[in-house]
There are 4 protein chains.
Amino acid sequence: MLVVLKKGVSESATSDVAGRLRMLGLAVHRSDHDGQVRLGAVGDGAPIDWELVRGWPMVQSVAPIPVPFKLVSRVFQPRDTVLSVGRCAIGSHQLVLMAGPCSIESETQAFTVAEAVARSGATVLRGGAYKPRTSPYSFQGLGEEGLKLLRRAADAHGLAVVSEVLDTQLVPLVARYADVLQVGARNMQNFALLREVAHAGKPVLLKRGLASTIEEWLMSAEHILSQGNSQVILCERGIRTFETYTRNTLDLNAIPVVKELSHLPVIVDPSHGTGIRDKVAPMARAAIAAGADGLIVEVHHDPDHALSDGPQSLYPDQFAALADQIRTIAGVVGRTL
Amino acid sequence: MLVVLKKGVSESATSDVAGRLRMLGLAVHRSDHDGQVRLGAVGDGAPIDWELVRGWPMVQSVAPIPVPFKLVSRVFQPRDTVLSVGRCAIGSHQLVLMAGPCSIESETQAFTVAEAVARSGATVLRGGAYKPRTSPYSFQGLGEEGLKLLRRAADAHGLAVVSEVLDTQLVPLVARYADVLQVGARNMQNFALLREVAHAGKPVLLKRGLASTIEEWLMSAEHILSQGNSQVILCERGIRTFETYTRNTLDLNAIPVVKELSHLPVIVDPSHGTGIRDKVAPMARAAIAAGADGLIVEVHHDPDHALSDGPQSLYPDQFAALADQIRTIAGVVGRTL
Amino acid sequence: MLVVLKKGVSESATSDVAGRLRMLGLAVHRSDHDGQVRLGAVGDGAPIDWELVRGWPMVQSVAPIPVPFKLVSRVFQPRDTVLSVGRCAIGSHQLVLMAGPCSIESETQAFTVAEAVARSGATVLRGGAYKPRTSPYSFQGLGEEGLKLLRRAADAHGLAVVSEVLDTQLVPLVARYADVLQVGARNMQNFALLREVAHAGKPVLLKRGLASTIEEWLMSAEHILSQGNSQVILCERGIRTFETYTRNTLDLNAIPVVKELSHLPVIVDPSHGTGIRDKVAPMARAAIAAGADGLIVEVHHDPDHALSDGPQSLYPDQFAALADQIRTIAGVVGRTL
Amino acid sequence: MLVVLKKGVSESATSDVAGRLRMLGLAVHRSDHDGQVRLGAVGDGAPIDWELVRGWPMVQSVAPIPVPFKLVSRVFQPRDTVLSVGRCAIGSHQLVLMAGPCSIESETQAFTVAEAVARSGATVLRGGAYKPRTSPYSFQGLGEEGLKLLRRAADAHGLAVVSEVLDTQLVPLVARYADVLQVGARNMQNFALLREVAHAGKPVLLKRGLASTIEEWLMSAEHILSQGNSQVILCERGIRTFETYTRNTLDLNAIPVVKELSHLPVIVDPSHGTGIRDKVAPMARAAIAAGADGLIVEVHHDPDHALSDGPQSLYPDQFAALADQIRTIAGVVGRTL
């Protein structure tokens with residue numbers, strides 16, 4: 001239920017209402033809009049006497065949130081969520097560029113790529129240290145050693161760090177090095193992991209699952225918000241369809257849909273979305289034109305020898321050229337890079 | 001097989017080679033590139049002595065075309081196909097805007113919408129007179145009366161006309177009024193219809209089927225080209241996936257893929273692709289940013305009372321605003337509107 | 001609307017009611033159930049005073065048909081439709097086996113296969129004379145010559161004939177030779193063709209489109225029934241999904257769903273459904289176990305040299321073994337072969 | 001690589017070969033067939049001198065395993081894997097019936113359902129104690145209390161227990177109560193969890209992911225086998241397609257495909273596969289007819305009040321009737337129940 005308080009209600013009165021709702025067995029989340037406090041009150045299905053709540057003096061209105069994703073919805077929070085990650089305010093007029101190699105492979109690689117992407121305008125360095133691989137016989141990542149390299153390379157160039165967490169037991173370790181915890185497409189409905197990353201208290205990059213509807217994706221974000229962490233960045237990275245020419249089908253329709261339904265920022269991964277180097281730039285441009293809040297792009301200085309995802313990684317100069325094009329399109333949609 | 005003739009071979013020598021290939025039982029198609037004549041020679045699978053052909057004095061090289069769509073491929077014709085439709089050279093640096101109502105409903109509607117879209121920069125008026133409807137009980141279009149209205153409204157505003165043909169028997173009638181014959185998504189593999197529209201000698205707008213791979217789509221275009229009509233415009237309009245929030249999943253990945261594989265122009269239909277009015281503009285912008293050669297958009301002056309597809313039709317002023325945004329993005333990708 | 005007449009209403013009174021409904025601008029279709037006449041009355045959306053109809057003395061009840069496919073639904077006709085095709089009553093307790101080559105290729109082939117499948121219990125011979133081919137350069141069928149061979153081979157072994165129609169202009173020709181007109185998956189929403197085959201007055205085998213929902217499939221059947229031809233056999237032949245190991249994904253779930261929603265018989269094509277010879281028998285058995293009314297199976301005496309679909313065609317002895325297994329499973333589901 | 005030893009090679013010589021392969025940096029797995037020892041040797045991609053191995057006196061042949069799933073393939077192990085679970089030899093001629101409620105809800109429920117399914121021929125009791133729920137606000141299961149009830153109910157009726165594990169940290173707890181550890185569809189590519197359940201040393205029921213190809217599913221099984229645990233039961237439970245009438249599209253084609261590619265047993269879950277009670281029995285029959293090694297079915301004595309999946313749960317008497325039908329079909333495919 002959405003409980004909107006009257007204008008001008010004091011902080012202590014707000015606390016009082018929230019406390020009373022909690023005594024009814026409800027979890028209470030707060031959002032502010034147009035000078036009014038909005039409380040999202042979610043229970044476990046047990047019946048509540050909402051007429052009673054409606055009668056409280058500080059309460060202006062009580063109404064159901066008509067979508068299954070409650071805290072994630074614009075009904076609960078009309079204004080855009082803006083997250084501070086490094087030098088970037090993700091979800092604001094400022095577009096975010098996250099870039100870096102698929103996997104961290106070596107010190108040279110990490111520093112070379114970090115330097116290149118920073119120069120082109122990226123503010124977040126991506127790189128996998130623990131890799132989800134279809135085959136148990138493929139390179140699984142450097143582990144903590146990879147995280148250390150990633151952190152040092154990022155720090156050397158003033159970048160923030162995003163890296164994937166594969167399991168609940170790895171959350172504390174990855175959180176020690178990364179600024180943003182990534183939940184990959186294969187784990188989008190690993191609900192134990194969603195709960196654990198929520199508790200780490202850091203921003204979470206939540207990729208859309210290969211076969212997930214937009215609603216299921218928002219419901220997975222709701223798992224994180226319902227644990228009290230509202231710093232979620234959604235990431236469209238392609239869905240699975242019958243088309244096999246591209247690795248996945250990047251679903252850009254999801255961008256305007258998510259922007260309508262939710263206040264959370266949404267970025268696009270054109271590298272996994274297409275799986276083909278020379279399709280990355282067109283789809284990256286398209287993503288920004290469709291209204292995305294940013295991009296996460298795979299860049300490698302020597303993709304022919306990459307241990308994973310080489311064929312979809314941009315060369316540093318391709319990334320630089322892309323960043324220039326993005327800058328111009330940003331203007332058309334009222335954004336800056 | 002691709003038979004490339006030596007530089008400077010005369011027209012009569014070219015005719016001679018073509019004639020000899022035909023005597024071997026091959027269909028011969030011609031394309032010119034970099035001052036050289038290229039002959040695409042396609043047989044019915046009977047064995048040909050290609051060593052013999054390789055030895056002919058005017059022949060520089062003979063090589064297989066390594067894709068199933070032969071005449072449609074860039075291997076056969078490296079340069080972009082450019083089609084003249086009304087005032088627009090489709091496939092050139094000039095983007096094409098096709099716009100109009102889903103169905104032609106009345107004189108007022110046809111003229112009002114034609115006037116509006118012409119003012120915003122459209123050069124082709126769209127409008128259905130024969131409608132493919134899932135239900136036999138829905139409005140099936142005005143038939144020839146609709147075609148007449150469409151033609152008159154277009155002529156009044158200097159526009160060309162595109163309209164759908166549903167059956168081989170209707171080809172002559174629709175070709176009498178329309179400048180471009182549209183083959184709809186449901187008929188993409190209606191091979192009898194493809195042959196018949198090819199023979200009408202007019203440009204064909206070939207929509208991608210809901211469950212068609214890019215290769216199947218290009219193969220359907222090959223059906224038209226193999227009949228001697230190379231004036232085909234491809235149109236991406238959304239594929240069917242598990243996602244139900246949007247009516248279809250507009251597959252913009254197909255744009256850069258088609259541009260790589262084929263010389264044919266490719267445009268995008270964001271109206272059917274999304275099925276939701278306020279998602280049309282973002283996806284239209286994205287289509288141009290991804291490299292499409294133009295758009296086909298549903299516009300209606302009174303969509304609440306449209307007999308079909310009202311919820312996805314733009315208001316004229318929304319279309320005007322969209323055209324302005326497209327104009328700016330066009331510059332980023334080296335095009336004009 | 002479903003207009004149910006009172007028990008014992010005479011034929012002339014029934015005609016009277018039907019006539020009055022027609023005067024209201026409605027198309028009227030009849031079905032009998034439990035000694036009562038049921039009239040399905042479908043209009044073009046213009047308002048009708050149903051209270052008036054409800055008051056007519058012979059009328060027991062008037063109620064909307066709550067699904068978009070009206071005449072196809074069990075609401076309109078609760079009992080199963082049974083069609084006589086050759087020696088088989090399709091849709092009765094008797095299962096139908098349709099079998100034969102993908103394409104008719106020669107007299108030897110047609111007669112050899114016809115003899116084999118007849119001996120194993122098939123009552124309908126299948127065979128394509130006009131083939132829908134993805135490539136314009138593939139074998140397109142023998143045309144009328146193929147139809148003649150098919151008819152003679154069938155007659156020689158007491159079989160009925162089913163063959164595909166690709167275009168409205170071919171309907172009279174195919175109807176001259178075939179007992180059942182097949183509309184292929186690619187033409188499931190070729191509405192002009194649906195109307196034309198309906199008018200031929202013969203049973204129609206309507207294959208499900210590759211990307212068609214069950215509802216769309218039933219709506220295509222409704223196109224045929226609404227033209228006054230209720231002899232429709234539905235055929236599930238696989239849908240398109242992300243899985244590529246099999247040619248298509250045979251959707252057997254559709255069998256119990258269709259049996260619940262509609263009175264029309266539904267058969268299964270495991271040959272196109274899987275595209276792999278040794279997967280045909282398991283899926284054929286599964287289809288019967290799931291409640292299908294029969295099978296249509298590709299059989300070829302020399303599949304390695306077949307001009308189309310060789311890899312999915314059964315050898316005659318494999319078909320014979322399959323027929324034996326089907327006979328036993330039939331008993332479990334209350335059917336016979 | 002598959003290293004086949006000569007007939008009659010002693011155990012000590014076998015150990016010697018295995019030891020030498022390990023010294024080359026390879027993981028070695030063993031399978032026996034036709035009186036010959038077969039060693040699957042898998043490395044990390046570093047080059048190996050296979051000519052050397054080929055020259056060893058005990059070695060008959062060395063050949064690559066031509067599929068990405070090595071230990072899971074029939075190339076490595078031609079004979080069927082048979083697993084002992086309670087009174088059933090899964091993968092043998094004996095079909096396995098697993099049945100029980102979606103979630104364990106109460107003592108009464110667990111014991112009532114256990115008694116019913118045991119009487120009808122089930123040998124394994126299913127029931128969720130930790131439930132993966134799309135919404136954080138839905139019932140999440142009784143946790144350890146649920147496992148205790150499940151164990152006691154199963155023991156009271158001579159049944160084995162299968163229950164789902166949601167996270168690596170829960171593996172020891174679930175393994176304390178369950179005989180078979182289930183990895184759900186959403187976790188099919190949770191590789192950390194696959195590794196952890198492998199180490200628990202108990203049979204694993206591996207459900208196919210909603211958007212997983214058959215190859216990816218077998219690769220996930222390979223993750224388990226590569227950890228030294230070859231007790232894997234595959235479970236088809238429906239894939240996600242565009243069709244929405246059924247909850248998922250149960251892909252029975254996967255059954256004969258898996259039986260060809262792999263030696264692992266494969267069962268079918270028609271409850272999640274269709275999501276509709278009266279579609280469960282037809283699809284269960286079809287699964288057995290297609291060659292499945294068994295079924296896992298949701299049964300509830302009071303589905304209208306179930307806390308999850310009520311609409312797809314069978315009543316006990318429906319399950320009894322289904323078991324009878326399965327018994328007859330089993331005979332057709334050379335199996336028993």
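In chain D of this predicted model, strand S3 (residues 36–42) runs antiparallel to S2(D), and seven bridges join the two. Within this pairing, Asp32(D) stands opposite Val37(D), a residue of S3(D). The briefing below covers the sheets of chains D and A, the contact between chains A and B, the contact between chains D and B, and the salt bridges.

**Sheet of chain D**

- The two strands belong to an open sheet of four strands in chain D, arranged in the order S2-S3-S1-S4 with antiparallel pairing.
- Strand S2 (27–33) and strand S4 (59–63) of chain D form the edges of this sheet, and each of them pairs on one side only.
- On average, neighbouring strands of the chain D sheet are turned by 20 degrees against each other, direction ignored.

**Sheet of chain A**

- Chain A holds an open sheet of four strands, whose order is S2-S3-S1-S4 and whose pairing is antiparallel.
- The edge positions in chain A are taken by strand S2 (27–33) and strand S4 (59–63), each of which has a pairing on one side only.
- The average turn between neighbouring strands of the chain A sheet is 20 degrees, with direction ignored.
- Four bridges connect strand S1 (residues 2–5) of chain A with S4(A), in the antiparallel sense.
- Val3(A) has Val62(A), in S4(A), as its bridge partner.

**Contact between chain A and chain B**

- Chain A contributes 36 residues to this contact, and chain B contributes 36 residues.
- Together the two chains bury about 2900 Å², of which 69% lies on carbon and sulfur atoms.
- On the side of chain A, the residues that lose the most area to chain B are Phe242(A), Asn253(A) and Val332(A), which together account for 22% of what that side buries.
- Four salt bridges are found across the interface of chain A and chain B.
- Arg208(A) forms a salt bridge with Glu243(B), and the closest N and O atoms of this pair are 2.8 Å apart.
- Eleven residue pairs are in polar contact across the interface of chain A and chain B, with both residues at pLDDT 80 or more.
- Four helices of chain A each give two or more residues to the side that touches chain B: helix H8 (254–261), helix H9 (270–274), helix H10 (277–289) and helix H11 (316–332).
- H10(A) supplies the largest share of that side, namely six residues.
- Sorted by class, the side of chain A that touches chain B comprises 19 nonpolar, ten polar and seven charged residues.

**Contact between chain D and chain B**

- Here four residues of chain D are in contact with four residues of chain B.
- Chain D and chain B bury about 300 Å² between them, and 83% of this area is on carbon and sulfur atoms.
- Arg240(D), Phe242(D) and Thr244(D) supply 90% of the area that chain D buries against chain B, which is more than any other three residues.
- The count of salt bridges between chain D and chain B is zero.
- The count of residue pairs in polar contact between chain D and chain B, with both residues at pLDDT 80 or more, is also zero.
- The side of chain D that touches chain B consists of one nonpolar, two polar and one charged residue.

**Salt bridges**

- Over all chains, the count comes to 88 salt bridges.
- In chain B, the side chains of Glu107(B) and Arg152(B) meet in a salt bridge, at 2.7 Å from N to O.
- This pair links distant parts of the chain, 45 residues apart: Glu107(B) lies in helix H3 (residues 107–119) of chain B, and Arg152(B) lies in helix H4 (residues 144–156) of chain B.

Technical notes
Residues numbered from 1 in each chain as written. Chains lettered and ligands numbered in written order. Predicted model: local features only at pLDDT ≥ 70, side-chain atom pairs only at ≥ 80, totals over all residues. Heavy atoms only, no water. Pairing = 2+ DSSP bridges. Axes fitted to C-alpha atoms, helices over the stretch in contact; angles between N-to-C directions. Contact = heavy atoms within 4.5 Å. Buried area = accessible area lost by both parts, 1.4 Å probe. Polar contact = N/O pair within 3.5 Å; in protein donor to acceptor, adjacent residues only side chain to side chain. Nonpolar A, V, L, I, M, F, W, Y, C, P; charged D, E, K, R; others polar.
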